[in-house]
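Reader: Hello! I am new to this structure and would like a close look at a single part of it. Could you start with one helix and then show me what lies around it?

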Amino acid sequence: MGRVDGKVALITGGASGLGEASARLLVSEGARVVLTDINTDLGAEVAADIGGDAIFVGHDVSSEDQWITAIEAATDRFGRLDVVVNSAGIADMNNVEETTLDAWRRMMAINLDGVFLGCKYGVKAIKQHGDGGSIINLSSVSGIIGGHNLAAYNASKGGVRLLTKSVALHCARQGYNIRCNSVHPTFIDTPMLHKMIGGSSDPDKTLAKLQRQVPMGRLGRPDDVGYMVVYLASEESAYVTGSELIVDGGIVAQ
Ligand SMILES: NC(=O)c1ccc[n+]([C@@H]2O[C@H](COP(=O)([O-])OP(=O)(O)OC[C@H]3O[C@@H](n4cnc5c(N)ncnc54)[C@H](O)[C@@H]3O)[C@@H](O)[C@H]2O)c1
């Protein structure tokens, strides 16, 4: 028996990094998955590699219309929706003085509007079958602690953290049995992290510095987060809602 046998999960940002790792682990534990992403070539490639239990849908998470279409594609193909993993996101390293209003708005549109829409339409779809479900929002340790050069990213991830609690409390109050939790990774070895490091003046030095900041002394692996997603998607976490689950090698404990 898999840990999420029979469940159907929609995973945004499924073409890469934590979304991809979560999708692969969910399928290995018995789920069927709908990967969505703006990177249509890579998303289709990943879904084809996973096989018959995965489909891919092109989807910009900042678009309400595209959310409606993506969720319809999931329920048309698999007949139900049990889990939404909001993993799509962007990051940049700018302080408040450097951040332009356009960059701020783009960050909010993808990282915060995208998660809001995923919760709104996820709840609507999951409650149809009455069996409950789970919404899993990728925040960050940057949704808990600030960084001098993460003005927009901090704000978007802090927003995800508290939006998650509001969604969880609403669903509990309505008796939907839909749980909603946020996941807070630190530096995980994905294309996003490498893009951020690549933008620094000395990427090797920056990487070594990041690793030194982690009490466990290493970057996280995508599966370190993927296993948390599997736990939250499964019935093992049946009494966990409105929680912030930290996957950070000890950073926030300091
Ligand atoms: N990697 C880390 O160190 C780290 C740490 C903390 C939190 N996170 C968060 O985890 C999530 C996943 O990050 P990752 O490391 O896998 O990044 P990634 O860049 O590897 O993957 C992100 C995916 O989101 C997609 N995407 C971007 N904009 C989109 C949009 N408008 N609509 C749909 N898809 C879009 C990208 O095409 C990409 O496939 C993000 O929300 C990120 O902020 C990552």
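At 1.5 Å a residue, what should the twelve residues of helix α1 (residues 17-28) span, and how far apart are its end C-alpha atoms?

Author: Happy to help! Before we start, please keep in mind that this is a predicted model, in which local features need pLDDT of at least 70 and side-chain atom pairs count only at pLDDT 80 or more, while totals for chains, interfaces and linings use all residues. Residues are numbered from 1 along each chain as its sequence is written, and side-chain values use heavy atoms, leaving out hydrogens and water.

Now to your helix. At 1.5 Å a residue, the twelve residues of α1 should span 16 Å, and its end C-alpha atoms are 17 Å apart, which agrees. The expected span is 1.5 Å times one less than the number of residues in the helix. As for the names, helices (H or I, at least four residues) and strands (E, at least two) are DSSP runs, numbered from the N terminus.

Is α1 enclosed or open? Nine of its twelve residues are buried, so α1 is largely enclosed by the rest of the structure. Here buried means under 20% relative accessible area, exposed means over 50%, and partly exposed is in between, with a 1.4 Å probe and protein chains only. You can pick the buried residues out for yourself: G17, L18, G19, A21, S22, A23, L25, L26 and V27. After the helix comes G30, with a positive phi near 105°.

Next, the ligand. The elements around it are easier to place once we have looked at the contacts. Of the 28 residues around the ligand, S16, L18, D37, Y153 and T190 come nearest; a residue is near a molecule if one of its heavy atoms lies within 4 Å of it. L18 is also on the list of buried residues in α1. Three side chains bring polar atoms to oxygen atoms of the ligand. D37 has a polar side-chain atom 2.6 Å from a ligand oxygen, an N or O atom in the side chain of Y153 is 2.6 Å from a ligand oxygen, and for K157 the distance is 2.8 Å. For reference, a polar contact is a pair of N or O atoms within 3.5 Å; within protein, one must be able to donate a hydrogen and the other to accept it, and residues adjacent in sequence count only if both atoms are side-chain atoms. Taken alone, the ligand exposes 830 Å², and the protein buries 92% of that. Such areas come from the Shrake-Rupley method with a 1.4 Å probe, and for residues only the protein chains shown count as cover.

And here α1 returns: together with α5 (151-174) and α6 (191-198), α1 is one of the elements that give two or more residues to the shell around the ligand. The largest share, three residues, comes from α6. By class, the shell has 14 nonpolar, eleven polar and three charged residues. In that count, Ala, Val, Leu, Ile, Met, Phe, Trp, Tyr, Cys and Pro are nonpolar, Asp, Glu, Lys and Arg are charged, and the others, Gly among them, are polar.

Let us also follow the salt bridges, each a side-chain nitrogen of Lys or Arg within 4 Å of a carboxyl oxygen of Asp or Glu. The structure holds nine of them. E20, R24 and D49 are linked in a network of salt bridges.

Further away in our tour, R3 and E236 meet through their side chains in a salt bridge (2.7 Å, N to O). R3 lies in the segment before β1 (8-12) and E236 in the loop between α8 (222-233) and β7 (244-247), so this pair ties together parts that are 233 residues apart in sequence. R3 is partly exposed at 31% relative accessible area, and E236 is partly exposed at 43%.

R80 takes part in two salt bridges to look for. With D82, its closest N and O atoms are 2.7 Å apart; D82 is buried, at 4%, while R80 is partly exposed, at 24%. With D131, the side chains meet at 3.0 Å, N to O. D131 sits in the loop between α4 (101-126) and β5 (133-138) and R80 in the loop between α3 (64-78) and β4 (83-86), so this pair ties together parts 51 residues apart in sequence. D131 is partly exposed, with a relative accessible area of 48%.
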